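The following exercises are to be worked through with the sequence and the three-dimensional structure in view. Each task is followed by a solution that proceeds step by step.

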Amino acid sequence: MERWWQLLLGLWTVMPVWAGDELLNVCMKTKHHKREPGPEDKLYEECIPWAEKACCTASTSWHAHLDVSLLYNFSLLHCGLMMPGCEEHFIQAVCFYECSPNLGPWIQKVGSSGQGERIRDAPLCREDCEQWWEDCRTSYTCRSDWLGSWDWSRGKSRCPAGAACRPFPRYFPTPAALCQRIWSGSFQASPARRGSGRCLQKWFEPARGNPNEAVARLFAARAPARARLY
């Protein structure tokens, strides 16, 4: 009888949990992310859409708007002044990355220790990639992968030797190339359009609600089941 009781107790404590449930409303494990998403009523400008449920703090949102961000010491001015419309897209992308609690299905472990995390292949809506590329056509950069090697000898990102500053289309010939290359595959250029429920918007009007919540649920539901010990 005791053995049967132990068996039944074991079956009860090992419950099947859909991985999708664990991929919703989560924050990445990184230096600047909060442990859990929560309200932030003082987010700065382009980060405001995430005020009701944010993975970033007000301080992080402010640093995201600097030309030389103190978050990563990365300089948007590595090839001179960037056009305001182009710069706005990059600020929105940083806010999206730092603040969104809807990136769970695309979070992956990084590093040999497995303690850090990043996103990979998060599907940005077609319009997001197209407008980003269009607004950056007259701005300049010197690299097609902004997570690649830079010259950090002066404490901020500078173009490495031999890397020429050229208009964005020379490094990113298409909108899809921009979305997929800019941060080493963090984003994927989705053919789906805004409002389809099948792609993520890197920015949205707060008054209309967060469209990325439904997208995260859709992709999380496709994740395989796994067991967790309670």
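**Exercise 1. Determine which residues of helix α4 are buried, how they are arranged around the axis, and what they pack against.**

Solution.
1. The model is a predicted one, and helix α4 spans residues 126–135.
2. Within this helix, Asp-128, Cys-129, Trp-132 and Trp-133 are buried.
3. Because these residues cover an arc of only 120° around the axis, they lie on the same side of α4.
4. The spacing follows a general rule: an α-helix has 3.6 residues a turn, so residues three or four places apart point the same way.
5. The packing partners of the buried residues of α4 are α3, β6 (122–124), α5 (168–171), α6 (175–181) and β9 (187–189).
6. One of the buried residues, Trp-132, also has a charged neighbour: Lys-202 lies over the face of its ring, at 5.2 Å from the ring centre.

**Exercise 2. Carry out the corresponding analysis for helix α7.**

Solution.
1. Helix α7 comprises residues 212–220, and its buried residues are Asn-212, Val-215, Ala-216 and Ala-220.
2. They cover an arc of only 130° around the axis, which means that they are on the same side of α7.
3. The cover over the buried residues of α7 includes α3 (84–99).

**Exercise 3. State how many aromatic pairs a search of the whole structure finds, and describe two pairs that link distant parts of the chain.**

Solution.
1. The search of the whole structure yields 14 aromatic pairs.
2. Trp-50 and Phe-204 form one of them, with an edge-to-face geometry: the distance is 5.3 Å centre to centre, and the angle between the planes is 75°.
3. An angle over 60 degrees is the criterion for edge-to-face.
4. Trp-50 is located in the loop between β1 (14–18) and α2 (58–63), while Phe-204 is located in the loop between β9 and α7, so that this pair joins positions 154 residues apart.
5. Since buried means under 20% relative accessible area, Trp-50 qualifies with 1%, and Phe-204 qualifies with 4%.
6. A second edge-to-face pair is formed by Phe-74 and Trp-150, at 5.2 Å centre to centre and with 90° between the planes.
7. Phe-74 belongs to strand β3 (residues 74–75) and Trp-150 to the loop between β7 and β8; the two are 76 residues apart.
8. Both Phe-74 and Trp-150 are buried.
9. In addition, Arg-143 lies over the face of Trp-150, at 6.0 Å from the ring centre.
10. Trp-50, Phe-74, Trp-150 and Phe-204 are among the members of one aromatic cluster. This cluster also includes Trp-132, a buried residue of α4.

**Exercise 4. Describe the surroundings of Ala-164 and Cys-165, and decide whether each is buried, partly exposed or exposed.**

Solution.
1. Ala-164 is found in the loop between β7 (140–141) and β8 (166–167), and Cys-165 lies in the loop between β7 and β8 as well.
2. The partly exposed class falls between the limit for buried, under 20% relative accessible area, and that for exposed, over 50%.
3. Ala-164 therefore counts as partly exposed, at 29% relative accessibility.
4. Cys-165 is likewise partly exposed, because its relative accessible area is 37%.
5. Leaving aside residues up to four places away in sequence, Ala-164 touches Thr-141, Cys-142 and Tyr-171.
6. With the corresponding exclusion, Cys-165 touches His-78, Cys-79, Tyr-140, Thr-141, Cys-142 and Cys-159.
7. The C-alpha atoms of Ala-164 and Cys-142 are separated by 5.3 Å, although the residues are 22 residues apart along the chain.
8. For Cys-165 and Cys-142, 23 residues apart along the chain, the C-alpha separation is 4.4 Å.

**Exercise 5. Summarise the protein chain as a whole and identify where pLDDT stays under 50.**

Solution.
1. The protein chain has seven helices and 10 strands.
2. Of its 230 residues, 41% are buried.
3. Among contacts with a separation of 6 or more, 65% are between residues 24 or more positions apart.
4. The chain exposes about 13,000 Å², of which carbon and sulfur atoms supply 54%.
5. The average pLDDT is 87, and 86% of the residues score at least 70.
6. pLDDT stays under 50 over residues 1–18, where the model has 19 contacts beyond four places in sequence.
7. It also stays under 50 over residues 226–230, for which the model has 17 such contacts.

Terms used. Residues numbered from 1 in each chain as written. Predicted model: local features only at pLDDT ≥ 70, side-chain atom pairs only at ≥ 80, totals over all residues. Heavy atoms only, no water. Buried < 20%, exposed > 50% of the residue type's maximum accessible area, 1.4 Å probe, protein only. Helix = DSSP H or I, 4+ residues; strand = E, 2+ residues; numbered from the N terminus. Arc of directions from axis to C-beta. Contact = heavy atoms within 4.5 Å. Phe/Tyr/Trp six-rings, centres within 6.5 Å; stacked < 30°, edge-to-face > 60°. Lys NZ or Arg CZ within 6 Å of the ring centre and 35° of its normal. Areas by Shrake-Rupley, 256 points an atom, 1.4 Å probe, with all protein chains shown as cover. pLDDT = per-residue confidence, 0-100.
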